[in-house]
Amino acid sequence: MDLSLFRQIASFLGALLILIAYVGHQMKWMNPRRAAYNVLNAVGSAILGYVAFHPFQIGFVVLEITWALISVYALLRPATESQ
C-alpha cells in the first residue's frame with residue numbers, strides 16, 4: 001500500500017472517531033463523562049497527531065497531542081472527580 005494512501009486513510013479514521021464522539025455528544029447519544037466518548041477522542045486525536053508529524057505541522061501536532069492527553073486524563077481520573 002502506498003504510504004500516502006495509508007496516511008490519508010489514517011487521517012480519515014482519526015477524524016471519523018472524533019466526529020463520532022462529537023455528534024454522539026451533541027445528539028445526546030453519548031455522555032462525555034463515559035469511557036466510550038473519551039476513548040474515541042483519545043484514539044482519534046492520537047492518530048491525527050501521529051499523522052501531523054510527517055510532514056511536521058506544529059499547530060496540528062500541539063492540538064492533537066493535547067487533545068489526546070486530556071482525553072486519556074479523563075479516562076484515568078478517579079470516578080469520584082467526574083461527578
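The paragraphs below lead through the structure from its overall build to its helix contacts and then to single residues.

The model is a predicted one, and its secondary structure comes to 3 helices and 0 strands. Read from the N terminus on, the elements therefore follow the order α-α-α, where helices are numbered from the N terminus. Taken along the principal axes, the C-alpha atoms of the protein fill a box of roughly 45 × 25 × 20 Å. Of the 83 residues in the protein, 30% are buried. If one looks at contacts between residues at least 6 apart in sequence, 50% of these contacts join residues that are at least 24 apart.

A good place to begin is the pair formed by helix α1, which covers residues 3-26, and helix α2, which covers residues 35-52. The axes of these two helices come within 8 Å and cross at roughly 150°. Because of that angle, α1 is roughly antiparallel to α2, the cut-off for this description being an angle over 145 degrees. The crossing in which α1 passes α2 is left-handed. By class, the residues in the contact of α1 with α2 are 13 nonpolar, 6 polar and 1 charged. On the side of α1 the contact includes Arg7, Leu13, Leu17, Ile18 and His25, while on the side of α2 it includes Tyr37, Leu40, Asn41, Ser45 and Ile47.

Between α1 and α2 the chain passes through a loop, and Lys28 has its place there. The backbone of Lys28 has a positive phi of about 65°, although this residue is not a glycine. Lys28 counts as exposed because its relative accessibility is 73%. Arg34 is found in the loop between α1 and α2 as well, and with a relative accessibility of 57% it also counts as exposed. Although Arg34 and Ala74 are 40 residues apart along the chain, their C-alpha atoms are separated by 8.9 Å.

From α2 we can turn to α3, which spans residues 58-76. The two helices α2 and α3 pack at an angle of about 155°, with their axes 8 Å apart, and they are therefore roughly antiparallel to each other. Their crossing is left-handed. The residues in the contact of α2 with α3 divide into 14 nonpolar, 5 polar and 1 charged. In this contact α2 contributes, among others, Ala35, Asn38, Val39, Asn41, Ser45 and Leu48, and these belong to a group that meets residues of α3 including Phe60, Glu64, Trp67, Ala68, Ser71 and Ala74. In the loop between α2 and α3 lies Pro55, and the peptide bond that leads from His54 to Pro55 is cis, with omega near 0°.

Which residues can help us to see how α2 takes part in both contacts? Ser45 and Asn41 appear in the contact of α1 with α2, and both are also listed in the contact of α2 with α3. Ser45 is found in helix α2, and it counts as buried because its relative accessibility is 0%. Leaving aside residues up to four places away in sequence, Ser45 touches Ile18, Glu64, Trp67 and Ala68. A polar atom of the side chain of Ser45 lies 3.1 Å from the backbone nitrogen of Ala68.

Asn41 lies in helix α2 too, and with a relative accessible area of 4% it is buried. When residues up to four places away in sequence are again left out, Asn41 touches Ile18, Ala21, Trp67 and Ser71. Ile18 and Ala21 are among the residues of α1 that meet α2, whereas Trp67 and Ser71 are among the residues of α3 that meet α2.

Val43 is a further residue found in helix α2, and because its relative accessibility is 40%, it counts as partly exposed. Val43 is listed among the residues of α2 that α1 meets. From C-alpha to C-alpha, Val43 and Ser71 are 8.9 Å apart in space, and in sequence they are 28 residues apart.

Technical notes. Residues numbered from 1 in each chain as written. Predicted model: local features only at pLDDT ≥ 70, side-chain atom pairs only at ≥ 80, totals over all residues. Heavy atoms only, no water. Axes fitted to C-alpha atoms, helices over the stretch in contact; angles between N-to-C directions. Helix = DSSP H or I, 4+ residues; strand = E, 2+ residues; numbered from the N terminus. Parallel < 35°, antiparallel > 145°, perpendicular 65-115°, else oblique. Left-handed = near helix turned anticlockwise from the far one by under 90°. Contact = heavy atoms within 4.5 Å. Nonpolar A, V, L, I, M, F, W, Y, C, P; charged D, E, K, R; others polar. Buried < 20%, exposed > 50% of the residue type's maximum accessible area, 1.4 Å probe, protein only. Polar contact = N/O pair within 3.5 Å; in protein donor to acceptor, adjacent residues only side chain to side chain.
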